[in-house]
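Dear colleague,

I am passing on the structure we spoke about, with the sequence alongside it. Please look it over first, and then read my notes below.

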Amino acid sequence: MSQPLETLIRQVEERQDELIQLAERLIRFKTPAPPARNTAEAQQYIASFLESRGFAIDQWDVYPGDPNVVGVRKGQASGEYKSLIINGHIDVAEVNAGEAWENDPFEPFVKDGVLVGRGASDMKGGLAGALFAIQLLDEAGILLPGDLLFQSVIGEEVGEAGTLQCCNRGYSADFAVVVDTSDLHIQGQGGVITGWITVKSKQTFHDATRKNMIHAGGGLLGASAIEKMMKLIQGLQELERHWAVTKSYPGYAPGTNTINPAVIEGGRHAAFIADECRLWITVHFYPDETYEGVAQEIEEHLNRVAQADPWLRENPPQFEWGGSSMIEDRGEIFPSLEVDPTHEAVRLLSSAHESIVRQHAIVDVSPTVTDGGWFGDAGIPAAIYGPGDLRNAHAVNEQVSIEQLVHFTKVMLTFIYEWTHTHK
Ligand SMILES: [Zn+2]
């Protein structure tokens, strides 16, 4: 390890209080989503932090009151050395009235070696550690050869496309680290896509006509959209079971790839035959699958189910997949992410982890989803690596171990330094 790096790593220890204060500062910004649209002040703080350390800032509203921030610091030999994206979300899980917090969730405090507050582990701890690493590198006057990009995005907790917009705006790098909750494991993830399945009758019938559509010789080709939806739900259960026995992925318990009928809406009122029924489903899939692929499998299967029913054959189900926000259009996509343990950056991150933490680096899969999938979708090699564990994410008295936060900051410092010093 190089001399300047060793000095900086010691400084993380010596200046631990400043690191904690930075994490506390971020937690004090009240950025829960829902309700969202409350991150402008926090994002301005991060933009100013980065700007004062030589980053060019690109800030734009994803939604009014919810801007994305991307800071870019061009390397001294940009183009010849590896570039890095550090990505994290500034929104935190919602806080509900009556939750038994020891203190105001947005008034963080330290107790028994942990920092407590909403977002401590998901993921203002991760953001603070990465920002503090950048601060130390800058204060030491270290000029990195490769480009460094920092993305502070909005809306992750409600499936909004903060990170997708960064990718669509053309921000790219040789590697991306999503510093979200991973308990310092280096992780990929499965994906999630939501969808709406609609069964709709071409005509609307009065309740009194039911006798004509279900009894022999009634003469009326009609059906209740609710009852027809029951057939489709049964079809989904068959497909879910088929997936459970035919698909698998290392690190996941069999049957993790589920199709959840989450919400159902349908019918007008009791004087009508239900002429429309809508089902909202949540589909979990494995890292080696795509959201387009699983959506297509579901459509094909349900279209076959529909073909076997005389009424559904004439009134086939309609599908709407994904969405850009659980708040705005009741839909979301989290693409999957596969991590290649032999990738140069993953090996470097693993060895940085091992030299700092003095434990074997674990490369595995997240049991949840993060924005990491958008990098996979954009063809940017990436991994999730951050402090905090998922028992704490979204929990009452959410907390992060200070020892882990310090470890994380040292590993990021090492990784940023070494990766941007790696020749292309
Ligand atoms: Zn998160």
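In sequence, the donor residues of the zinc ion follow the spacing H-x32-D-x57-D. Asp122 belongs to helix H4 (residues 120–139), while Asp180 sits in the loop between strand S7 (175–178) and strand S8 (186–189), so this pair ties together parts that are 58 residues apart in sequence. Please keep in mind throughout that this is a predicted model.

As for the atoms involved, the zinc ion is coordinated by NE2 of His89, by an OD atom of Asp122 and, twice, by OD atoms of Asp180, at 1.9 to 2.4 Å. The arrangement counts as irregular because the four donor atoms subtend angles of 54 to 139° around the zinc ion, whereas a tetrahedral assignment would require all angles to lie between 85 and 135 degrees.

Helix H4, which carries Asp122, also packs against helix H12 (residues 402–419), and the two axes come within 8 Å and cross at roughly 50°. That angle makes H4 oblique to H12, and H4 passes H12 in a right-handed crossing. On the H4 side the contact is made by Gly125, Gly126, Gly129, Ala130, Phe132, Ala133, Ile134, Leu136 and Leu137, and on the H12 side by Leu405, Phe408, Thr409, Met412, Leu413, Ile416 and Tyr417. Sorted by class, the contact of H4 with H12 has twelve nonpolar and four polar residues, and no charged ones.

A further pair is formed by helix H7 (residues 225–246) and helix H8 (residues 291–307), which pack at an angle of about 130° with their axes 10 Å apart. H7 and H8 are therefore oblique to each other, and H7 passes H8 in a right-handed crossing. H7 contributes Lys231, Leu232, Gly235, Leu236, Glu238, Leu239 and Trp243 to the contact, and H8 contributes Val294, Glu297, Ile298, His301, Leu302 and Val305. By class, the contact of H7 with H8 has eight nonpolar, two polar and three charged residues.

Finally, helix H2 (residues 16–28) and helix H3 (residues 40–51) pack at an angle of about 145°, with their axes 10 Å apart. Leu22, Arg25 and Leu26 of H2 meet Tyr45, Ile46 and Phe49 of H3 in this contact, whose residues divide into five nonpolar, no polar and one charged.

With best regards

How values were computed. Residues numbered from 1 in each chain as written. Predicted model: local features only at pLDDT ≥ 70, side-chain atom pairs only at ≥ 80, totals over all residues. Heavy atoms only, no water. Axes fitted to C-alpha atoms, helices over the stretch in contact; angles between N-to-C directions. Helix = DSSP H or I, 4+ residues; strand = E, 2+ residues; numbered from the N terminus. Parallel < 35°, antiparallel > 145°, perpendicular 65-115°, else oblique. Left-handed = near helix turned anticlockwise from the far one by under 90°. Contact = heavy atoms within 4.5 Å. Nonpolar A, V, L, I, M, F, W, Y, C, P; charged D, E, K, R; others polar. Donors = N, O, S within 2.8 Å, 3.2 Å for Na, K, Ca; no water. Tetrahedral: all angles 85-135°; square planar, octahedral: opposite > 155°, others 65-115°.
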